[in-house]
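The following note is intended to be read beside the model. It sets out, point by point, the features that may be checked on screen.

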Amino acid sequence: ACRAGTTTPFSFGTNITPEQVNYDGNYPYAGGKKGLYRQQTVPVASLPPNRWGLYEMHGNVWEWCQDHWHNNYRGAPTAGSAWEGRDTGAIRVLRGGSWFNRARDVRAAFRRDLDPGLRNDDIGFRCAQVRGEPSQEGATGAEFLLLRLDAAPPQDRCALPQAPTFMIRTDCEHLTFCRLTKPDWASAIGRDRFGLWCEIGVEPKRGGEPVVQRLRWIPPGRFWMGSPEEEPGRYDDEGPRHLVTLTDGYWLFDTPCTQALWEAVMGKNPSRFQSPTRPVEQVSWSDAQNFLKQINKQNPGLDLSLPSEAQWEYACRAGTEMAIYTGDLDILGENNAPALDLIAWYGGNSERETHRVKLKRTNTWGLYDMLGNVWEWTRDHWHNDYQDAPTDGSAWLSNDADALRVLRGGSWHGYARFVRAAYRRHGVAADRYNDFGFRCIRVQGTKAT
């Protein structure tokens with residue numbers, strides 16, 4: 001419950017601040033900055049909750065657990081039950097740390113043992129109610145099937161319901177599952193080790209074979225947008241880091257728009273580094289809008305648009321939380337970050353030009369060149385940070401029609417610190433540079449605007 005689906009030392013990430021947790025700020029974690037030491041408890045629910053809505057799981061007061069103390073986890077239960085023994089007076093376990101403790105003692109994994117009769121001004125508890133068999137009250141005639149989704153390996157399996165749509169309800173969320181068939185706008189659909197894909201075929205204006213573009217299915221989900229304060233190369237406009245929930249899945253080009261596709265739709269190629277299989281560049285935000293208008297006109301029902309900044313970062317991260325989707329990024333110099341060589345063309349390896357798409361390793365969702373090669377325009381207007389940013393994945397627009405626009409992903413011309421999942425830059429909608437490109441999105445079941 002404390003971790004709330006995370007794997008980091010704290011549910012808030014790899015570090016904490018006194019604004020998130022009540023602990024002794026004189027003893028920060030992993031070289032962090034010193035902060036406030038309140039020397040007392042704070043009112044419950046006065047600090048931010050974790051992603052499951054639980055307050056003060058870290059710090060404030062230690063919390064008694066049901067378990068007897070054991071010196072390590074060797075032989076521990078794997079079903080989540082309390083680990084007890086025959087000694088009714090055994091030492092008991094406390095978790096979470098308190099206002100009196102240093103930051104390392106309020107980590108999600110930290111454990112402490114004490115005599116069960118001890119009382120102190122930093123020791124408390126919270127209660128749990130374990131739910132039994134689901135109630136049949138209010139049922140509509142369908143039988144409930146109880147599955148343990150956390151079992152490893154799963155002990156029970158069931159076939160998917162034979163219906164176009166079904167719902168799974170938990171105490172926190174309602175998840176709706178829909179069967180996808182080949183959309184009318186797609187020429188093919190399939191599934192591989194990365195997931196679901198579909199393709200479109202665009203007839204060139206000047207004749208010839210259709211240009212095929214693959215789109216990847218990006219499932220709905222939740223992620224932390226922005227970067228933690230300790231990330232190497234970070235800028236202040238990448239914060240505050242905040243939780244974003246995307247309730248709709250979408251189809252996304254698996255590469256930046258290529259010169260072949262651009263020329264098929266627009267009839268001419270503006271790029272400096274000309275090759276059909278390289279990304280189109282020297283394209284402004286306004287140019288991208290004209291492309292979208294033309295391709296949607298030629299293919300009724302396609303309804304492509306630019307992704308929002310949140311949709312772009314969610315797809316780039318592909319379920320990861322590090323600086324790049326393969327892990328941490330050690331920046332040894334402006335153009336020296338060896339971890340980028342496998343996944344991105346940037347200033348340290350590009351030889352000062354773009355390269356053919358699909359030469360570098362994909363992320364785990366099958367997307368190529370999300371980092372490096374060319375910057376990618378998004379729908380969003382520029383804001384100096386994420387204060388008051390949308391949390392539903394929508395584009396963050398303003399009333400200024402001439403507002404600066406956001407680009408993401410870095411390019412062949414960029415420093416290593418620019419080629420991170422969280423890095424942001426802005427440009428005028430009319431800017432055309434030889435490292436500016438884009439990729440397209442199609443939101444499932446919703447006409448893009």
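1. The lining of the largest cavity in this predicted model is formed by Met 225, His 242, Val 244, Glu 309, Ala 310, Asp 380, Tyr 386, Ala 389, Pro 390, Ser 394 and Trp 396. Two elements, strand E11 (242-246) and helix H3 (309-317), each contribute at least two residues to this lining. By class, the lining of the largest cavity comprises seven nonpolar, two polar and two charged residues. The volume of the largest cavity is about 80 Å³.

2. How many cavities of 30 Å³ or more are there? The count comes to two. The second largest cavity has a volume of about 60 Å³. Its lining consists of Ser 11, Phe 12, Gln 20, Val 21, Leu 47, Pro 48, Pro 49, Asn 50, Leu 54, Glu 56, Met 57 and His 58. Seven of the residues lining the second largest cavity are nonpolar, four are polar and one is charged.

3. An open sheet is built from five strands with antiparallel pairing, and their order is E7-E8-E9-E12-E17. Strand E7 (188-192) and strand E17 (441-443) are its edge strands, each pairing on one side only. From one strand to the next, the twist averages 25 degrees. Within this sheet, strand E8 (residues 195-202) and strand E9 (residues 211-218) run antiparallel and are joined by six bridges. Trp 197 has Arg 216 in E9 as its bridge partner.

4. Two helices should be inspected against this five-stranded sheet. Helix H1 (residues 259-266) packs on the sheet and touches E8, E9 and strand E12 (250-253). The direction of H1 makes about 115 degrees with that of E9. Helix H3 also packs on the sheet, where it touches E9, E12 and E17. The direction of H3 makes about 75 degrees with that of E12.

5. A further open sheet has four strands in the order E15-E14-E13-E16, with mixed pairing. Strand E15 (424-427) and strand E16 (436-437) each have a single partner strand, so one side of each is left without a neighbour in the sheet. Strand E13 (residues 375-381) and E16 run parallel and are joined by two bridges. The bridge partner of Trp 375 in E16 is Phe 436. Helix H3 packs on this sheet, touching E13, strand E14 (405-408) and E15. The direction of H3 makes about 140 degrees with that of E13. Helix H3 thus recurs in this note: it packs on the four-stranded sheet, it packs on the five-stranded sheet, and it supplies at least two residues of the lining of the largest cavity.

6. The count of aromatic pairs comes to 17. Why is the pair of Trp 185 and Trp 251 edge-to-face? The ring centres of Trp 185 and Trp 251 are 6.1 Å apart and the planes stand at 85 degrees, so the pair is edge-to-face, given that planes over 60 degrees apart fall in that class. This pair links distant parts of the chain, the two residues being 66 residues apart. Trp 185 lies in the loop between strand E6 (174-178) and E7, whereas Trp 251 lies in strand E12.

7. Two points of backbone geometry remain to be noted. Which peptide bond is cis, with omega near 0 degrees? The bond from Gly 239 to Pro 240 is cis. Pro 240 is located in the loop between strand E10 (221-225) and E11. In addition, Asn 60 has phi near 75 degrees, a positive value in a residue other than glycine. Asn 60 belongs to the segment before strand E1 (62-68).

Technical notes. Residues are numbered from 1 along each chain as its sequence is written. This is a predicted model: local features need pLDDT of at least 70, side-chain atom pairs count only at pLDDT 80 or more; totals for chains, interfaces and linings use all residues. Side-chain values use heavy atoms; hydrogens and water are left out. On a 1 Å grid over the protein atoms alone, a cavity is a set of points where a 1.4 Å probe fits but cannot get out, and a pocket is an open set with protein on both sides within 12 Å along at least five of seven lines; lining residues have an atom within 4 Å of a point. Grid points are joined across faces, edges and corners, and a volume is the space filled by probe spheres set on the points. Ala, Val, Leu, Ile, Met, Phe, Trp, Tyr, Cys and Pro count as nonpolar, Asp, Glu, Lys and Arg as charged, and the others, Gly among them, as polar. Two strands pair if DSSP finds at least two bridges between them. Axes are lines fitted to C-alpha atoms, for helices over the stretch in contact, and angles run from 0 to 180 degrees between N-to-C directions. Contact means heavy atoms within 4.5 Å. Rings of Phe, Tyr and Trp (its six-membered ring) pair if their centres lie within 6.5 Å; planes under 30 degrees apart count as stacked, over 60 as edge-to-face and the rest as tilted.
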